[in-house]
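Biologist: I am new to this structure. Please pick one part, look at it closely, and then work outwards from there.

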Amino acid sequence: MWSQLIDFVLQQERAIELAAAFLLGSGSWGIVSTTISRLRRRRQTPPPEAETATPSDEAPGGVGEEASAHPAPFAPEVAAKDEVLAPDLSALVEDEAFEPESAREITPVGPPLAGPTRSWWTRLRDGLSRSSGSIGEGFAAILTKRKLDASMLDDLEDVLIRADLGVATAARIAKAIGHGRYDKDVDVEEVKAVLAAEIERALAPYARPLEIDGGKKPFVILVVGVNGSGKTTTIGKLAARFSSNGHGVLLAAGDTFRAAAIEQLRIWGERIGCPVIAREQGSDASALAFDAIKEARQRGAGVMLMDTAGRLQNRAELMGELKKIIRVMKKVDPGAPHAVLLVLDATVGQNAISQVEIFGRVAGVTGLVMTKLDGTARGGILVAIAEKFQLPVHFIGVGEGIDDLAPFAAKDFARAIAGIEA
């Protein structure tokens with residue numbers, strides 16, 4: 001069947017060339033000719049299900065060997081003597097449709113491509129749709145035609161607790177909803193408005209931007225958190241943001257336990273034009289921190305962002321290594337690190353509270369970044385954490401795109417999680 005299909009197409013190749021010349025113009029002849037050449041080559045190969053991988057199908061070398069961030073175009077072949085049009089390989093490079101199949105099957109480690117341009121409010125609202133949808137559905141089920149009473153307020157409080165806003169916060173919001181509304185008809189939108197106002201009031205004191213002190217060069221930012229929280233990706237996104245704001249940035253691949261983390265940070269560095277200090281897997285992360293600060297000084301970098309290995313907050317020996325990194329940093333610069341950012345995964349819910357408590361005690365966390373708010377219906381955990389620990393919330397993330405991490409704004413977050421459309 002495969003061979004018959006190719007034979008049929010090849011029989012029509014002259015018609016294809018003439019049609020392309022008429023409809024597309026001479027500028028597209030190269031693409032048409034290349035397509036025919038590919039079909040000729042495939043005629044001599046077995047169908048896809050019979051193919052086996054060869055070393056030439058593998059991904060290009062790692063970033064340490066200056067691997068290209070894009071798949072390499074496949075090598076040209078010698079044109080057949082009877083071929084009228086020579087393949088235009090430059091057209092292949094420009095047209096993603098002609099990317100080799102082996103390259104399309106490989107998922108490179110590195111920053112995701114930016115998606116369609118959308119406003120931050122749209123991304124935030126859509127990212128928090130699981131949380132707002134869960135809360136809205138809970139409210140709608142409770143607010144029946146009967147008038148507001150104590151039992152209904154208890155049920156509304158339960159909905160907020162299930163959204164991980166915390167018991168104290170949920171009780172305060174329920175009380176605000178009931179204020180002046182007992183024995184009255186209350187609709188869902190009215191309750192959402194009260195919810196948004198109370199969440200904004202709770203978070204406003206902690207919505208603070210991360211300020212880079214230009215007098216401290218480099219301004220050293222240590223990024224900590226457990227495995228899977230999104231530390232390395234967050235570092236790449238922050239580096240892109242700082243670079244676009246005119247800060248010279250140097251990255252330090254301090255997660256020396258995972259080769260993939262080192263490679264990922266190298267790719268981020270290449271794509272955003274930031275130098276990366278890295279060592280082999282298994283190297284001493286504290287020694288790397290020492291070298292990275294010295295290198296940042298020599299380069300005149302304004303900001304140094306250092307990744308760290310993911311540590312379970314209940315492993316004392318691993319947390320001890322984090323302490324060592326900080327001690328060594330202070331030998332180079334007594335004020336370093338100037339900021340310690342804890343990256344939290346919103347999907348872990350209440351477990352994030354214990355992470356803040358222990359990382360704060362060990363590493364002296366100065367601010368929070370919460371990621372993956374788009375992957376949970378319990379985005380209210382950010383409210384509970386901010387109120388309990390009174391730490392600044394610098395950034396939140398609602399997706400994988402480079403623009404899906406943005407400075408935290410209490411009003412926008414409150415309205416999005418309450419499900420208020422505009």
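Modeller: Start at helix α14, residues 316–332, which lies across strands β1 (219–224) and β4 (303–306). Its direction makes about 175 degrees with that of β1. Such axes are lines fitted to C-alpha atoms, for helices over the stretch in contact, and angles run from 0 to 180 degrees between N-to-C directions. Contact means heavy atoms within 4.5 Å. Helices (H or I, at least four residues) and strands (E, at least two) are DSSP runs, numbered from the N terminus.

Two notes on reading this. The model is predicted, so local features need pLDDT of at least 70 and side-chain atom pairs pLDDT 80 or more, while totals for chains, interfaces and linings use all residues. Residues are numbered from 1 along each chain as its sequence is written, and side-chain values use heavy atoms, with hydrogens and water left out.

Helix α16 (residues 381–389) also packs on the sheet. It touches β5 (339–345), β6 (367–371) and β7, and it runs at about 170 degrees to β6. K388 sits over the face of F389, 5.6 Å from the ring centre. That label needs NZ of Lys or CZ of Arg within 6 Å of the ring centre and within 35 degrees of the ring normal.

Now the sheet itself. It is open, with eight strands in mixed pairing. Their order is β3-β2-β4-β1-β5-β6-β7-β8. The edges are β3 (276–277) and β8, each pairing on one side only. Two strands pair if DSSP finds at least two bridges between them. Strand β2 (residues 249–252) runs parallel to β3, and two bridges link them. There, L251 is opposite V276 of β3.

Two loops leading into the sheet hold cis peptide bonds. One joins K217 to P218, with omega near 0 degrees. P218 lies in the loop between α10 (188–203) and β1. The other joins A336 and P337, with omega about -10 degrees. P337 belongs to the loop between α14 and β5.

At β7 and β8, helix α6 comes in. In α6 (residues 120–127), the buried residues are W120, W121, R123, L124 and G127. They line one face of the helix, because seen down its axis they fall within an arc of 165 degrees. The arc is that of the directions from the helix axis to the C-beta atoms. Their cover includes β7 (393–397) and β8 (405–407), along with α7 (129–142) and α17 (410–418). Buried means under 20% relative accessible area, exposed over 50%, and partly exposed in between (1.4 Å probe, protein chains only).

Two loops elsewhere are worth a look. D164 is in the loop between α8 (150–162) and α9 (167–178). Its phi is positive, near 65 degrees, though D164 is not a glycine. D164 is buried, at 5% relative accessible area. D183 is in the loop between α9 and α10. It too is not a glycine, and its phi is positive, about 60 degrees. D183 is exposed, at 58% relative accessibility.

Last, the whole chain. It has 17 helices and eight strands. Of its 422 residues, 46% are buried. Among contacts with a separation of 6 or more, 76% join residues 24 or more positions apart.
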